[in-house]
Amino acid sequence: QVRLVESGGGLVQAGGSLRLSCVASGIIFTIGDMGWYRQAPGKQRELVATIASDDFTNYADSVKGRFTISRDNDKKAVYLQMNSLKPEDTAVYYCTVDRMTTHRGPVLDTWGQGTQVTVSS
């Protein structure tokens with residue numbers, strides 16, 4: 001069974017930093033595009049950042065210049081470094097992978113369970 005497990009969330013003051021991690025577990029041969037989404041209370045889930053298998057990155061305008069996404073294919077991991085955090089960044093953050101090749105074949109559209117990030121003013 002393939003899973004994504006996030007960690008690194010927590011409570012931080014405005015202007016502070018957090019680093020989120022997401023690790024894929026299971027017998028996985030290849031990982032495609034990876035990304036982070038977030039969902040604030042009462043709002044729809046929104047894209048934060050994505051990183052393709054060739055390391056091409058894409059960011060939401062609201063986080064450009066403050067957040068950095070990276071990946072480590074050997075560790076089957078994706079990271080989100082969040083700096084200059086604002087109260088409006090408060091949300092549950094989810095990692096996702098669009099496609100993984102496993103010993104049981106391809107697995108599409110996998111999501112983690114989410115990690116809470118709370119930024120106090």
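**Entry 1: around S10**

I started at S10, which pairs with strand S12 (residues 115-120) in the antiparallel sense over three bridges. Strands here are DSSP runs of E with at least two residues, numbered from the N terminus, and two strands count as paired if DSSP finds at least two bridges between them. For a concrete landmark I looked up Ala91, whose bridge partner in S12 is Val117.

A note to self on the source: this is a predicted model, in which local features need pLDDT of at least 70 and side-chain atom pairs count only at pLDDT 80 or more, while totals for chains, interfaces and linings use all residues. Residues are numbered from 1 along each chain as its sequence is written, and side-chain values use heavy atoms, with hydrogens and water left out.

**Entry 2: other partners of S10**

Next I followed S10 to strand S11 (residues 105-111): six bridges join them, and they run antiparallel. The connection is a hairpin through two residues. Here I found Thr96 opposite Trp111 in S11.

Then I turned to S5 (residues 34-39), which pairs with S10 over six bridges, again in the antiparallel sense. Met34 has Val97 of S10 as its bridge partner.

I also checked strand S4 (residues 28-31), which pairs with strand S10 (residues 91-102) over three bridges, antiparallel. My marker for this pair is Thr30, which has Thr101 as its bridge partner in S10.

**Entry 3: the open sheet**

In which order do the four strands of the open sheet run? I read the order as S1-S3-S9-S8, with antiparallel pairing. Strand S1 (3-7) and strand S8 (67-72) are the edge strands, each pairing on one side only. The twist averages 15° from one strand to the next; the axes behind such angles are lines fitted to C-alpha atoms, and angles run from 0 to 180 degrees between N-to-C directions.

Within this sheet I looked at strand S3 (residues 18-25) and strand S9 (residues 77-82), an antiparallel pair with six bridges. Arg19 has Gln81 as its bridge partner in S9.

**Entry 4: one residue in S3**

My last stop was Ser21, found in strand S3. Is Ser21 buried or exposed? Ser21 counts as buried because its relative accessibility is 15% (buried means under 20% relative accessible area, exposed over 50%, partly exposed in between, with a 1.4 Å probe and protein chains only).

I then listed its contacts (heavy atoms within 4.5 Å). Leaving aside neighbours within four places in sequence, Ser21 is in contact with Val5, Glu6, Ser7, Trp36, Val78 and Tyr79.
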